[in-house]
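Colleague: I have some short questions about this model. Please take them in turn.

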Amino acid sequence: MRLKTVREIIFLGARHARPGPLGAVPAGTRTSDSTFSFLACSSSQWSCAFCHKCALTLILFCALWVLPALAQPPANSAKSLQIYFIDVEGGQATLFVTPEGQSLLIDTGWPGNNNRDADRIVAAAHDVGIDKIDFALITHYHDDHVGGAPQLAARIPIGTFIDHGENRETSDAITQKDWLAYKQLLATGKYKRIIAKPGDSLPIKGIRVEVISSDGVLIEKALPGAGQPNPACASSVPPPADKTENPRSLGTLITFGRLKTLDLGDLTADKEHELMCPLNKIGTVDIYIASHHGFNQSGSAVLVHAVAPRVAIVDNGAKKGGSPSALDIIKSSPNLTALWQLHFSEQAGLAHNTALEFIANSSGPDAANYLKLTANPDGAFSVFNSRTKQSQNYRAAH
Ligand SMILES: [Zn+2]
């Protein structure tokens, strides 16, 4: 009876074991099968006299090794930064949660859809154990970025909104409507507001958030350690100026320990050229959140190949973003280890999409699968795919 109880505890522990070392179950470390199969003796074994000795050894083994291992929290979990790439069907909603529990949400997804995107953001917040968004950064005033703000604000407390200032695309009716709804939200007086300028550092504890671009203005000087000539400029012709809200995007470089993550919203290629030529003002990064959902109006080689990410994550939809040429530029980037996507891009087909295991939503009905990145301060991180329940681990860069 006692032995059976121990055995039950083992399997209970396996079922309830928290995700692996970086907060997500690493590939190949599923616990329910091979790890425990050799411990699962048959009842006839338990009843034999010989097995009493085996059983005592087993209890000792369990007490000294298995149970403590199951009980241990994920290594460094208290020191990890967690980033959720929430599926808002081709919009953006990226949630950063620091080890201290401070949260930064970059964009709020779409309006409408029966609160779909707000509900998904709140679900991610609850998954990571927070019940408030400390900072909600609005990159620009397009429908897929700010549209979800009123619905989200109705569902979860928000501390401070951060944006680039006035809407500059008043000629577009949807953009203007979203801007007015956002302004109405600010006018309630419930929220603090920061209008960010290039070169600013945002007041978020546990991560350094440097503003690279805002309202069409870019940092003038290279960041410390950056400023090298960018060889990709030689073969690049500056594209014509984009007149929409996209080049106004509030773009940030987010540093956690040794890990650098770049998010430039929907910044367009004209601004990329201005930012990266002739000198690379950003330097290299670890994670590139693909600009503009992987549309080919953004994510040119002058940006992507110069910042040379180790991992790129594209928040595309099935039919939005994920242009073949933009995906190809990412894949040919010099330091790239992996390309992840929120959706299989129908336009890109098998030839240009990343491998299926790196895609959160492959095909079929809307499943709202997300990607979650968990990073340690030394720069090691993992990416968890909620569809496959598998993680890939990445070592700290040297
Ligand atoms: Zn967008």
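Modeller: This is a predicted model, where local features need pLDDT of at least 70, side-chain atom pairs count only at pLDDT 80 or more, and totals for chains, interfaces and linings use all residues. Residues are numbered from 1 along each chain as its sequence is written, and side-chain values use heavy atoms, with hydrogens and water left out.

Colleague: Which residues are the protein donors of the zinc ion?

Modeller: Donors are N, O and S atoms within 2.8 Å of the metal (3.2 Å for Na, K and Ca); water is not among the atoms, so sites may look incomplete. Here they lie 2.1 to 2.2 Å from the zinc ion and belong to Asp-144 (OD), His-145 (NE2), Asp-266 (OD) and His-293 (NE2).

Colleague: How are the donor residues of the zinc ion spaced in sequence?

Modeller: Two donor residues, D and H, open the pattern side by side. After x120 comes D, and after x26 comes H, giving D-H-x120-D-x26-H.

Colleague: Which residues in the largest nonpolar core touch the most other members?

Modeller: A nonpolar core is a set of buried (under 20% relative accessible area, 1.4 Å probe, protein chains only) Ala, Val, Leu, Ile, Met, Phe, Trp, Tyr and Cys residues joined through side-chain atoms within 4.5 Å. Of its 34 residues, those touching the most other members are Leu-104, Trp-340, Leu-373 and Phe-381.

Terms used:
Buried < 20%, exposed > 50% of the residue type's maximum accessible area, 1.4 Å probe, protein only.
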